[in-house]
Amino acid sequence: MSRQGEQRLVRAVGKTYFPLALVARMPYAMMVVGVLTLVVAGRGSLALGGLNSALVGIGAATCGPLLGAAVDRFGQRRVLLVISVLSSAALAAMAWVVYSPLPDVAVLAVAFLVGATAPQIAPLSRSRLFAIISGHIVPTRRVRVLNSTMAYESAADEIVFIVGPVVAGVLAVTIDPWAPVVAAAVLTLIFVSAFAVHPSAATAQATAGRTPAAGSARELARPGVVVVVVGILGVGLFFGSMLTSLTAFMADHGRPEEAGLIYAAMGVGSAALALGVAAFPVGFTPTARWLVFGGVMLAGALALPAVSSLTGMVIALLIVGIGIGPTLVTQYGLGARRSPVGRSATVMTMLGSGVILGQSLASAVTGEIAERWGTEAALVMPAAAALVVVLAGVVNARIGEPAPAAALELERASATSSR
């Protein structure tokens, strides 16, 4: 990002925006592991805990795009204020129902509600920043500023999804298994509400108000949008299959409790390279980045079944992380630029939901494979997921690059013509 473009964006969103958006993501990162820990401790069943965690992910994935559509219609402020209350209530209900005499099906139903009401701060932050960039950054700098912003957002996601589970684990150990869920409820009520009323929401809404009416929902099925959703679903499949197969691998080595620490090696490399995307030359196009870094993901994943030592696993995860960060940045950037007019929040939540859905489905399937056929078979699944990412990248290359800053220029032109 150019220094001038960076300074202009910070002035437009306010200096408190980025720290607030980072903390507001935290409850979402704590939910799945918090629910898993709570259910296993309260109901004494690992299988039930895993099923509840999957339902949290499924609820978020199925209802996330509906939240995005509501935001596109009513604005972030009103929708997020409502959802922060509903999400906090669902989390509080989860902490209660697990220890209640109600049957397991009631616990499963509340777990789905926890996911369904989860505030989608990460995709909504991207959507908000996309709108502000379109209205406050000069045309010649918009693509570079957008790429840098998507790079930061992806790195922020990586950081939160490393720190969130750690915080949840510490709270569960030091206080009680219900503590992570209750803490997530409190953080949601405070920080998601603060994110909702932050002045940047009004700034983004004012920019959106100068654009044409939202495009038809049918435009969300454009090949350029669908291929990005499929590609990011592949990344979600990779996350779920990698964590589950890694847990089986660590269990074989007698250290299953350290799976999260080893998994963090992938997140470190991913966050570092995600931030590095801003320094890539303009000629290194999104299409090329997707294919190159998706290929790195696949190469690292193909080595996993042959790994036998913890050191070898860490090295393989570091290689994979180098591919994941830039791939996610590229996919979110393409999603932003290809969003139909007035549908950016919907597209961003579709992408966020693709990651969650893929993670939930792959966790369940990979766990079953590990139990039936062993760890080596489970370690093949991340390569299958990475192959989905690469194949989607090939299809994306056939579709071609979006016109330079096409979506941003359209919003700029419509804003100018309405003044």
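## Close-up views

**View 1. Glu368 and its partner Arg372 in helix α15.** Glu368 counts as partly exposed because its relative accessibility is 37%, the class that sits between buried (under 20% relative accessible area) and exposed (over 50%), with a 1.4 Å probe and protein chains only. Arg372, at 57%, counts as exposed. Their side chains meet in a salt bridge, 2.5 Å from N to O; the term covers a side-chain nitrogen of Lys or Arg within 4 Å of a carboxyl oxygen of Asp or Glu. Both residues belong to helix α15 (residues 344–373), where four residues, about one turn of the helix, separate them. Helices here are DSSP runs of H or I with at least four residues, strands are E runs of at least two, and numbering starts at the N terminus.

A word on what you're looking at: this is a predicted model, so local features need pLDDT of at least 70 and side-chain atom pairs count only at pLDDT 80 or more, while totals for chains, interfaces and linings use all residues. Residues are numbered from 1 along each chain as its sequence is written, and side-chain values use heavy atoms, with hydrogens and water left out.

**View 2. The salt bridge of Glu153 with Arg25.** Side chains of opposite charge can pair when their charged atoms come close. Here the closest N and O atoms are 2.4 Å apart. The pair ties together distant parts of the chain, 128 residues apart: Glu153 sits in helix α8 (residues 139–174), and Arg25 in the loop between α2 (17–24) and α3 (26–43). Glu153 and Arg25 are both buried.

**View 3. Asp104 and Arg43 across two helices.** This salt bridge has its closest N and O atoms 2.9 Å apart. Asp104 is in helix α6 (residues 104–116) and Arg43 in helix α3, so to speak a link between distant parts of the chain, 61 residues apart. With a relative accessible area of 35%, Asp104 is partly exposed; Arg43, at 22%, is partly exposed too. The salt-bridge count comes to three.

**View 4. The ring cluster of Tyr17, Phe18, Tyr152 and Phe195.** How many aromatic pairs does a search of the whole structure find? It turns up four. Rings of Phe, Tyr and Trp (its six-membered ring) pair if their centres lie within 6.5 Å; planes under 30 degrees apart are stacked, over 60 edge-to-face, and the rest tilted. Tyr17 and Phe18 have ring centres 5.3 Å apart and planes at 85°, which makes the pair edge-to-face. Tyr17 is buried at 0% relative accessibility, and Phe18 is buried at 18%. Tyr17 also pairs with Phe195, with centres 5.8 Å apart and planes at 40°, so this pair is tilted. That one spans 178 residues, from Tyr17 in helix α2 to Phe195 in helix α9 (residues 179–197). Phe195 counts as buried at 0% relative accessibility.

**View 5. Two arginines over ring faces: Arg126 on Tyr332 and Arg128 on Phe195.** Arg126 lies 3.6 Å from the ring centre of Tyr332, and Arg128 lies 3.9 Å from that of Phe195. A charge counts as sitting over a ring if NZ of Lys or CZ of Arg is within 6 Å of the ring centre and within 35 degrees of the ring normal.

**View 6. Asn396 and its contacts in helix α17.** Asn396 belongs to helix α17 (residues 381–399). It counts as buried because its relative accessibility is 0%. Leaving aside neighbours within four places in sequence, Asn396 is in contact (heavy atoms within 4.5 Å) with Val227, Thr287, Trp290, Leu334 and Arg338.

**View 7. Helix α5, residues 76–97.** Its 22 residues should span 32 Å at 1.5 Å a residue, and the end C-alpha atoms are 30 Å apart, which agrees; the expected span is 1.5 Å times one less than the number of residues. Buried residues of α5 include Val79, Leu80, Ile83, Leu91 and Met94, and among them are also Ser84, Ser87 and Ser88.

**View 8. The whole protein, with 18 helices and zero strands.** Of its 419 residues, 54% count as buried. Among contacts with a separation of 6 or more, residues 24 or more positions apart account for 85%.
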